[in-house]
Amino acid sequence: MKLLKWLSVADRFHKIYLDRQLAPFGINSSQYMFLIKLCDSPGILQDSLMDMFYIHPSNIVRTIAALEKQGMLTRSPYDKDKRTWKLYPTDRALSAISEIRAVCEKTEELLLQGISETDKNLFTGFLMQAGKNITAELGIERKEEEFHG
């Protein structure tokens, strides 16, 4: 049960840490990954985010609405399917993204402090396998490359 305990501790406190570090940008630990993906892929379809982040569709809609309200993204209708939207980062998002990435990198460094490069790679691989195991058990199918993001 040590694994479950420490996964929970690391998850809870890294989110608290990220929330504090991301507050100056007007975003939080549940929004940064959307913003990074959006800046990397302007015009991405909202529906495609559901397959990327292992998050319930209602949470994606809520996060997109919050980022739009905060002036971080704009939406435009998708011509081929009026039920979904194309998402674009705003100038505000684009001007902050490099600092947001730096906060994420600093957080990863903090979490992995004192661990050798070899062990970091092993640890990351183990976490990815654990993710694959639990999603498979729950019948949640994802493309292989999605586990590498």
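**Close-up views of a predicted model**

**View 1. Helices H1 and H5 pack against each other at an angle of about 150°, with their axes 10 Å apart.** This is a predicted model, and here we look at H1 (residues 2-22) beside H5 (residues 91-111). Since angles over 145 degrees count as roughly antiparallel, H1 and H5 are therefore roughly antiparallel to each other. The crossing of H1 past H5 is right-handed. On the H1 side, look for His14, Tyr17, Leu18, Gln21 and Leu22. They meet Ile100, Val103, Lys106, Thr107, Leu110 and Leu111 from H5. Sort the residues of this H1 and H5 contact by class and you get seven nonpolar, three polar and one charged.

**View 2. Helix H2 also packs on H5, at an angle of about 125° and with the axes 10 Å apart.** That angle makes H2 oblique to H5. H2, which covers residues 32-40, goes past H5 in a left-handed crossing. H2 brings Tyr32, Leu35, Ile36, Cys39 and Asp40 to the contact. From H5 come Ala93, Leu94, Ile97, Ile100, Arg101 and Cys104. The tally for H2 with H5 is nine nonpolar residues, two charged and no polar ones. If Ile100 of H5 rings a bell, that's fair: Ile100 is also listed in the contact of H5 with H1.

**View 3. Three strands make an open sheet, lined up in the order E1-E3-E2.** The pairing in this sheet is antiparallel. E1 and E2 are the edge strands, each with a single partner strand, so one side of each has no neighbour in the sheet. Helix H2 turns up here as well, lying across E1, E2 and E3 and running at about 90° to E3.

**View 4. Zooming in on strand E3 (residues 85-89) shows the bridges that join it to E1 and to E2.** E1 is a short stretch, residues 44-45, and two bridges tie E1 to E3. On the E2 side, which takes in residues 73-77, five bridges do the joining. Both pairs run antiparallel, E1 with E3 and E2 with E3. A handy spot to find is Leu87 in E3, the bridge partner of Ile44. Leu87 is the bridge partner of Arg75 too.

**View 5. Helix H6 takes up residues 117-137, a run of 21 residues.** At 1.5 Å a residue, H6 should span 30 Å, and its end C-alpha atoms are indeed 30 Å apart, which agrees. After H6 comes Gly139, which has a positive phi, near 75°.

**View 6. Stepping back to the whole chain, the count is six helices and three strands.** Starting at the N terminus, the elements go α-α-β-α-α-β-β-α-α. Follow that order and you can place the pieces from the other views: two helices, then a strand, then two more helices, a pair of strands and two closing helices. For a sense of scale, the C-alpha trace spans about 45 × 35 × 25 Å along its principal axes.

Definitions and conventions. Residues numbered from 1 in each chain as written. Predicted model: local features only at pLDDT ≥ 70, side-chain atom pairs only at ≥ 80, totals over all residues. Heavy atoms only, no water. Helix = DSSP H or I, 4+ residues; strand = E, 2+ residues; numbered from the N terminus. Expected span 1.5 Å × (residues − 1). Pairing = 2+ DSSP bridges. Axes fitted to C-alpha atoms, helices over the stretch in contact; angles between N-to-C directions. Parallel < 35°, antiparallel > 145°, perpendicular 65-115°, else oblique. Left-handed = near helix turned anticlockwise from the far one by under 90°. Contact = heavy atoms within 4.5 Å. Nonpolar A, V, L, I, M, F, W, Y, C, P; charged D, E, K, R; others polar.
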